[in-house]
Amino acid sequence: MTDTRILPADETGIAEAAALILRGEPVAVPSETVYGLAGDATSGEAVAAIYAAKGRPSFNPLIVHVTSLAMAEQVATFSSLAHGLADRYWPGPLTMVLPAAPFSPIASLATAGLATVAVRMPAHPTIRALIEACGRPLAAPSANASGSISATRAEHVARSLAGRISLVLDDGPTTIGIESTIVAVERDRLRLLRPGSITIEMLAEASGVSVDGSNTGSIEAPGQMSSHYAPSKPVRLEAATANSGEFHIGFGPVAGDISLSADGRLEEAAARLFDLLHAADQSDAAAIAIAPVPRRGLGLAINDRLQRAAAPR
């Protein structure tokens with residue numbers, strides 16, 4: 001079994017993480033959204049090591065992380081619509097699914113054999129420094145066992161992936177707390193594949209084209225499996241009160257045992273969501289109940305994660 005260490009995300013830690021990645025080993029690293037499990041996106045063996053550490057189905061594609069538009073254009077083909085979204089929201093929590101560039105260096109295992117690639121330019125300085133130190137794009141799904149609660153702190157990663165990876169870079173809790181928005185960029189429209197902190201309304205305003213939020217049922221991007229982000233305990237949604245034996249996560253006027261946001265702020269709720277799911281899962285309660293969260297703006301992304309967390313395994 002591998003000894004999983006946590007190191008500060010300083011110059012020494014980043015150098016050690018880069019050395020591991022260049023040897024084909026995945027390393028956990030913070031971004032502004034959640035902690036990611038980063039590996040060399042150009043190496044099929046390195047991508048396979050990510051899948052193995054997570055126990056992730058190989059038909060579920062990974063997001064490729066870059067630090068510049070030049071690096072992104074080696075990976076994917078950008079239309080004027082995609083360039084406009086990059087100008088507005090990169091670096092930041094937006095992933096675009098685009099046609100793979102001719103002679104793209106990305107391993108086919110990272111794209112699950114699709115003709116498209118999911119690409120993001122993160123804003124967090126630690127993952128950016130790690131990409132630069134490695135000198136290549138990094139594939140980085142969320143740093144947790146596949147299907148379980150995403151990690152927003154280094155200790156979440158260490159608990160979920162203990163013995164499966166050798167290093168976690170610790171730079172404190174993440175700020176956004178839910179995964180990036182994923183959008184498929186087509187010729188004259190956008191298709192929302194996963195909601196996030198960049199909302200449908202924001203995408204429509206920035207692009208000037210329609211945004212289709214319907215689900216085709218096919219797996220085109222990360223986070224589309226019906227059961228995902230799941231605690232080990234049963235989850236009940238829309239719970240204004242708790243039943244016996246339930247740990248109650250509140251929101252707004254529903255206090256619960258602990259609250260996503262006592263004053264009903266969706267930004268605070270998103271940032272605290274996975275943290276509180278971890279706390280509930282570690283509690284002595286047999287099940288988890290979660291108060292209603294409005295389905296508007298960022299609430300759509302929060303409810304998407306909650307529905308997948310509560311889905312039948």
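How much area does the chain expose, and what share of it do carbon and sulfur atoms supply? About 12,100 Å², with 53% from carbon and sulfur. Those areas come from the Shrake-Rupley method with a 1.4 Å probe.

Some ground rules. This is a predicted model, where local features need pLDDT of at least 70, side-chain atom pairs count only at pLDDT 80 or more, and totals for chains, interfaces and linings use all residues. Residues are numbered from 1 along each chain as its sequence is written, and side-chain values use heavy atoms, leaving out hydrogens and water.

Now the overall fold. The chain has 9 helices and 15 strands; these are DSSP runs (helices H or I, at least four residues; strands E, at least two), numbered from the N terminus. The radius of gyration is 19 Å, close to the 20 Å of the globule rule for 313 residues, so the chain is as compact as a globular protein of that length. That radius is taken over C-alpha atoms, and the rule is 2.2 Å times the number of residues to the power 0.38. Of the 313 residues, 56% count as buried, meaning under 20% relative accessible area (1.4 Å probe, protein chains only).

Next, one residue. Arginine 305 sits in helix H9, residues 298-310. It counts as buried, because its relative accessibility is 1%. Its side chain makes polar contacts with two acidic side chains: glutamate 179 at 2.9 Å and aspartate 304 at 3.1 Å. A polar contact is a pair of N or O atoms within 3.5 Å; within protein, one must be able to donate a hydrogen and the other to accept it, and residues adjacent in sequence count only if both atoms are side-chain atoms.

Definitions and conventions. Buried < 20%, exposed > 50% of the residue type's maximum accessible area, 1.4 Å probe, protein only.
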